[in-house]
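Let's take a walk through this structure together, starting inside and moving along to its charged pairs and its surface. Have the sequence and the 3D view open as you read.

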Amino acid sequence: MYLEVAALYGYSYLAGAVPTPYLIAKLTRGIDLREYGSGNVGGSNVVRQLGKVWIVPLTLVELLLKGFSPFVLGLLVFGPPRELPLSSLCLFLASPLLALIGNNWSPFLRFQGGRGLMVICGIVFSLAPALFAVGMSVYLLGWRVSRSSAVWALIATASLPVLALWPGGYLVTSWIAIWALMGGEALQSAPSGYAAVISCYCGLILVMVLVKRGLSNSPAFPEGLSKKKVIFNRLVRDRDVDERAEWISRIPQ
């Protein structure tokens, strides 16, 4: 059992650490994505620098390899999460979290990386599809009104710990329970404390998002702006400067 768990954790971290956006940019145009546009090693910067054609394969890799596969392998090692004692559930949840850590701070990029939003989508989608659907709805509705992706991605992520505690535990229903329900079986209630663990887990994901935004890929602060302003921009707008157009149009000097 210990060997299987160690292999699961090692796989999860290394799968998450594969810098897919960086590799796509390097192999197709020979550029270092960290030096262009937002400098983010993520999907939005890939689209701006390489075109929309790359968003489909990139999304599949980020969702399936980094977000979904650690969860599936965790099922093989630990069993269904809703049937685990809380101590084992925490061990189960560590594997997708390690994939997110590897993505955000990849050892292959000197511990730089993306923001991990696609990975988070894969994790939440695999763990609690109803919770994912509601959180994604929050993001899409907010984005449609304001066209501010960074702000509403943060709001949607921040809503997950609260939504996970929805009365009855319906939003943390697993795929296995949904399939059983579709087969005519009664919907089983979540084990005692399960929703609270998922809520804390989503809270930990939120903390990681804030830490990644705050640290960015470069600790250097741009000239002409106060540190407080830069930190606010990073946490809320996910950029260093006030003007988005200035941020996404950067090229190497």
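A residue is called buried when its relative accessible area is under 20%, exposed when it is over 50%, and partly exposed in between. Keep in mind that this is a predicted model.

With that cut-off in hand, turn to Asp238, which sits in the loop between helix 11 (227–237) and helix 12 (244–248). Its relative accessible area is 17%, so Asp238 counts as buried. The backbone here deserves a look too: phi of Asp238 is near 60°, a positive value in a residue other than glycine. Arg110 also has a positive phi, near 55°. This arginine belongs to the loop between helix 5 and helix 6 (117–127), and with a relative accessible area of 76% it is exposed.

Now for the charged pairs. Side chains of opposite charge can pair when their charged atoms come close. The structure holds 6 salt bridges, and Asp238 takes part in one of them, meeting Arg115 at 2.9 Å, N to O. Asp238 lies in the loop between helix 11 and helix 12 and Arg115 in the loop between helix 5 and helix 6, so this pair ties together parts that are 123 residues apart in sequence. Like Asp238, Arg115 is buried.

Glu62 and Lys66 make another salt bridge, with their closest N and O atoms 2.9 Å apart. Both residues lie in helix 4 (residues 55–78), 4 residues apart, or about one turn of the helix. Both are buried.

A further bridge links Asp242 and Arg237, whose closest N and O atoms are 3.1 Å apart. Through shared partners, salt bridges join Lys229, Arg237 and Asp242 into one network. Asp242 is partly exposed at 30% relative accessibility, and Arg237 is partly exposed at 27%.

Lys66 also leads us to the empty space inside. A search of the whole structure finds 1 cavity of 30 Å³ or more, with a volume of about 50 Å³. Its lining has 14 residues, and Lys66 is among those nearest the centre, along with Val18, Pro19, Asn103 and Gly114. Helix 1 (2–17), helix 2 (20–29) and helix 5 (86–104) each supply at least two lining residues. By character, the lining divides into 6 nonpolar, 7 polar and 1 charged.

Finally, come out to the surface, where Leu204, Val207, Val211 and Leu215 form a nonpolar patch with about 320 Å² of accessible area together. Val211 is placed in helix 10 (residues 194–215) and is partly exposed, with a relative accessible area of 36%.

Definitions and conventions:
Residues numbered from 1 in each chain as written. Predicted model: local features only at pLDDT ≥ 70, side-chain atom pairs only at ≥ 80, totals over all residues. Heavy atoms only, no water. 1 Å grid on protein atoms, 1.4 Å probe; cavity = no way out; pocket = protein on both sides within 12 Å on 5 of 7 lines; lining within 4 Å. Points joined across faces, edges and corners; volume = space filled by probe spheres on them. Nonpolar A, V, L, I, M, F, W, Y, C, P; charged D, E, K, R; others polar. Patch = residues over 30% accessible without salt bridge, like charges linked within 9 Å, V, L, I, M, F, W, Y side chains within 5 Å. Areas by Shrake-Rupley, 256 points an atom, 1.4 Å probe, with all protein chains shown as cover. Salt bridge = Lys/Arg side-chain N within 4 Å of Asp/Glu carboxyl O. Buried < 20%, exposed > 50% of the residue type's maximum accessible area, 1.4 Å probe, protein only.
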